[in-house]
Amino acid sequence: MNERSSVHDTFVIERVYDATADKVYAAWSDPAAKAGWFQKAEQFEFRVGGREYSRGGPPEGPVFTFDAVYQDIVPNERIVYTYTLDMGETRISVSTTTIELKPEEGGTRLIFTEQGIYLDGHDNPAQREQGTKEMLDTLGEALKKQA
């Protein structure tokens, strides 16, 4: 693909989990817990300025590289990170993600906001939003198993 393009988009996904904010926060901040629902990280430094780096993908498909830097962390309330996503050697997107945790009757409301730039037609907002919904559903299943 030789044509260059940049598509900008923001999406917001909300989920309510039957778990306390500290348990939902731990699912994001503890490397062992996160590996239960997200690609296991090769590097995991959960602190402002810290890096999370992982590579993986389907057995017969391309390798995807997730390379994130944590920009802001308020325990049990907010996580902000920026990340790049590569498919093989090709950069397909650059994003800023905010995760907000709000107490809700009997659980926690997670508000996931992603502002992304999708590069050169290799990815698009609809695909990313669908993949993120599936990821947050997997997180919900992991939280149920912990309960």
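The side chains of glutamate 52 and lysine 34 meet in a salt bridge, with N and O 2.9 Å apart; the term salt bridge denotes a side-chain nitrogen of Lys or Arg within 4 Å of a carboxyl oxygen of Asp or Glu. This pair links distant parts of the chain, since glutamate 52 lies in strand 3 (residues 51–56) and lysine 34 in helix 2 (residues 31–34), 18 residues apart. Both glutamate 52 and lysine 34 are buried, where buried means under 20% relative accessible area, exposed over 50%, and partly exposed in between (1.4 Å probe, protein chains only). Helices (H or I, at least four residues) and strands (E, at least two) are DSSP runs, numbered from the N terminus.

The model is predicted, so that local features need pLDDT of at least 70 and side-chain atom pairs count only at pLDDT 80 or more, while totals for chains, interfaces and linings use all residues. Residues are numbered from 1 along each chain as its sequence is written, and side-chain values use heavy atoms, with hydrogens and water left out.

By the salt-bridge rule the count comes to 14, and the table lists three pairs, among them the one already described.

| Salt bridge | Closest N to O distance |
|---|---|
| Glutamate 52 and lysine 34 | 2.9 Å |
| Arginine 15 and aspartate 137 | 3.0 Å |
| Arginine 109 and glutamate 104 | 2.9 Å |

Arginine 15 and aspartate 137 form a salt bridge that again links distant parts of the chain, with arginine 15 in strand 1 and aspartate 137 in helix 3, 122 residues apart. Aspartate 137 is partly exposed, its relative accessible area being 40%, and its C-alpha lies 9.7 Å from that of tyrosine 17, although the two residues are 120 apart in sequence.

In the pair of arginine 109 and glutamate 104, arginine 109 counts as partly exposed at 25% relative accessibility, and glutamate 104 is also partly exposed, at 30%. Salt bridges that share partners join Glu14, Glu104 and Arg109 into one network.

Turning to the nonpolar interior, the largest nonpolar core holds 30 residues, of which Trp28, Tyr81, Leu110, Phe112, Leu136 and Leu139 touch the most other members; such a core is a set of buried Ala, Val, Leu, Ile, Met, Phe, Trp, Tyr and Cys residues joined through side-chain atoms within 4.5 Å. Helix 3 gives the most to this core, with five residues. Leaving aside neighbours within four places in sequence, leucine 110 is in contact (heavy atoms within 4.5 Å) with residues including Arg15, Tyr17, Trp28, Leu136 and Leu139.
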